[in-house]
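Please take a moment to look over the sequence and the model before reading on. The paragraphs below go through the surroundings of the bound molecules and then the sheets.

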Amino acid sequence: MILVTGGAGFIGSNFVLDWLAQSDEPVVNVDKLTYAGNPNNLASLRDDTRHIFVHADICDSDKMQELLSTYKPTAIVHFAAESHVDRSIHGPAEFVRTNINGTFSLLEAARTYWPQLTSAEKEQFRFLHVSTDEVYGTLGPDDAPFSETTAYAPNSPYSASKAASDHLVRSYHHTYGLPTLTTNCSNNYGPYHFPEKLIPLIIANALAGKPLPIYGDGQQIRDWLYVGDHCTAIRRVLQAGKPGETYNIGGWNEKANLDVVNTLCDMLDALQPNGAGSSYRKQITYVADRPGHDRRYAIDARKIERELGWKPAETFDSGIRKTVQWYLENQAWVRDVQSGDYMKWLEKNYQQRNAASELFNKVQEKI
Ligand code: NAD
Ligand code: DAU
């Protein structure tokens, strides 16, 4: 069996569902169930004995050691993290705790567990650390995309905490020989994406008749990858990746935020018109920018294609269509996660942007 951390979150739950749809190898799923962890994502596995859910914090190193010696996994796939850049700006402490100390505690548990395995088991074992392209910092318009040799230059407390965790993972391979793999992936989107992130937030706000907040001028660029493609990439790296190596994963889909939001509005106009005969684009509102906002991310994903034969199956057009359809068909899931805590976060993040946004929108109208 494999041990997954953070398997009740967005990418982790897609990975667990995908894994069990492809193989009968059981999954031990360790998740603290923070605001971002949602057992409903895994509702279809309720009676599936191949899925063992453990409610635990990865910072609890005794518990991590106990889980490894009880279940004897052939691999650890580590997703658990605090993942939202804006939250890291409001409160970095939890990012340092989970992303750095949590990864450290898991590495320590693996360092105790791995040497006790038989040589065949040791050979087979992998510690796969799921990381982000944000560790590389930001690109200018004409810069080459991030490759595996791009220097780290994280700009937010989130990306700095992920960079620190990547360095710890690297050091456990070089110092202790632990068979680690690190993946650095671009922006994911798809089912079960928590509506604090751009794409699900825009869909939810559009349908609720609320403003669609664009930070700054909306010309920041992200590379978008459908979450199902991220899951197949991780499976492939687990299967054939070389211990100690890192692999960049991307969708070859660079898009400016405003273009993404316009695409979503047009798609919703076609699939679920707002009834007033106007486009959802009318709800677009410019708000104050994110402090330290990275301008452009782009991924050079040629290494994973060349060495492991992986490339994305979805185009942005096919992936975003599936995603919008999923949200339209799963409005109950969205309503369920829009709890009191979620509303408090929206207030905290967007209220203070309002004064700046009023001014910005007036200027935009005049241009
Ligand atoms: P998410 O925020 O949706 O989910 C994180 C999960 O981790 C949640 O289920 C949460 O309950 C759990 N968790 C948090 N703290 C924990 C702790 N201390 N102990 C145990 N569980 C804990 O995140 P996501 O978007 O699914 O991202 C998963 C991983 O992929 C993260 O490591 C993130 O850095 C990385 N990543 C995300 C993206 C993206 O676009 N979302 C892109 C590249 C890499
Ligand atoms: O690049 C990979 C990273 O992608 C992951 O490591 C992170 O975990 C994940 O959250 C994501 O980070 P971003 O900051 O790029 O994602 P987010 O959805 O928060 O924002 C995408 C872009 O949209 C970014 O430029 C900020 C902008 N934005 C976001 C929100 C929430 C807006 O313009 N308005 C908004 O309301």
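In this predicted model, strand 5 supplies the largest share of the shell around ligand 1, namely 3 residues. The shell as a whole counts 28 residues, and those closest to the ligand are Ile 11, Asp 31, Ser 83, Tyr 158 and Lys 162. Sorted by class, the residues around ligand 1 comprise 13 nonpolar, 11 polar and 4 charged ones.

Several polar contacts of ligand 1 can be followed atom by atom. A nitrogen atom of the ligand lies 3.0 Å from a backbone N or O atom of Lys 32, and a nitrogen atom of ligand 1 is likewise found 3.0 Å from a polar backbone atom of Ile 58. With Ser 83 the contact is made by the side chain, one of whose polar atoms is 2.7 Å from an oxygen atom of ligand 1. On its own ligand 1 would expose 830 Å², of which the protein buries 96%. Two or more residues of the shell come from each of helix 1 (10-22), strand 5 (126-132), helix 6 (157-176) and strand 7.

Turning to ligand 2, which residues come nearest? They are Asp 133, Tyr 158, Arg 290, His 293 and Tyr 350, out of the 24 residues around this ligand. Tyr 158 is thus listed both among the closest residues of ligand 1 and among the nearest residues of ligand 2. The shell of ligand 2 divides into 10 nonpolar, 8 polar and 6 charged residues, and its largest share, 3 residues, is given by strand 8.

The polar contacts of ligand 2 involve both backbone and side-chain atoms of the protein. An oxygen atom of the ligand is 2.8 Å from a polar backbone atom of Leu 198, while a polar atom in the side chain of Asn 257 is 2.9 Å from an oxygen atom of ligand 2. For Arg 290, an N or O atom of the side chain lies 2.6 Å from an oxygen atom of the ligand. Of the 690 Å² of accessible area that ligand 2 has by itself, the protein covers 95%. Helix 7 (198-207) and strand 8 (212-215) are the elements that contribute two or more residues to this shell.

Strand 5, met above beside ligand 1, also belongs to an open sheet of 7 strands, which are arranged in the order 3-2-1-4-5-6-10 with parallel pairing. Strand 3 (51-55) and strand 10 (246-249) have a single partner strand each, so one side of each of these edge strands is left without a neighbour in the sheet. From one strand to the next the twist averages 20°. Within this sheet, strand 5 and strand 6 (residues 180-185) run parallel and are paired over 6 bridges, and Ser 131 stands opposite Asn 184 of strand 6. Helix 8 packs on the sheet, where it touches strand 4 (75-78), strand 5, strand 6 and strand 10, and its direction makes about 145° with that of strand 5.

A further open sheet has 3 strands in the order 7-9-11, and its pairing is mixed. Its edges are formed by strand 7 (187-189) and strand 11 (254-256), each of which pairs on one side only. Neighbouring strands here are turned by 50° against each other on average, with direction ignored. Strand 7 is joined to strand 9 (residues 221-226) by 3 bridges, and these two strands run parallel; Asn 187 has Trp 224 of strand 9 as its bridge partner. Helix 8 (residues 227-240) packs on this sheet as well, touching strand 7 and strand 9, and its direction makes about 70° with that of strand 9.

Methods:
Residues are numbered from 1 along each chain as its sequence is written. Chains are lettered from A and ligands numbered from 1 in the order in which they are written. This is a predicted model: local features need pLDDT of at least 70, side-chain atom pairs count only at pLDDT 80 or more; totals for chains, interfaces and linings use all residues. Side-chain values use heavy atoms; hydrogens and water are left out. Two strands pair if DSSP finds at least two bridges between them. Helices (H or I, at least four residues) and strands (E, at least two) are DSSP runs, numbered from the N terminus. Axes are lines fitted to C-alpha atoms, for helices over the stretch in contact, and angles run from 0 to 180 degrees between N-to-C directions. Contact means heavy atoms within 4.5 Å. A residue is near a molecule or strand if one of its heavy atoms lies within 4 Å of it. A polar contact is a pair of N or O atoms within 3.5 Å; within protein, one must be able to donate a hydrogen and the other to accept it, and residues adjacent in sequence count only if both atoms are side-chain atoms. Accessible areas come from the Shrake-Rupley method with a 1.4 Å probe; for residues, only the protein chains shown count as cover. Ala, Val, Leu, Ile, Met, Phe, Trp, Tyr, Cys and Pro count as nonpolar, Asp, Glu, Lys and Arg as charged, and the others, Gly among them, as polar.
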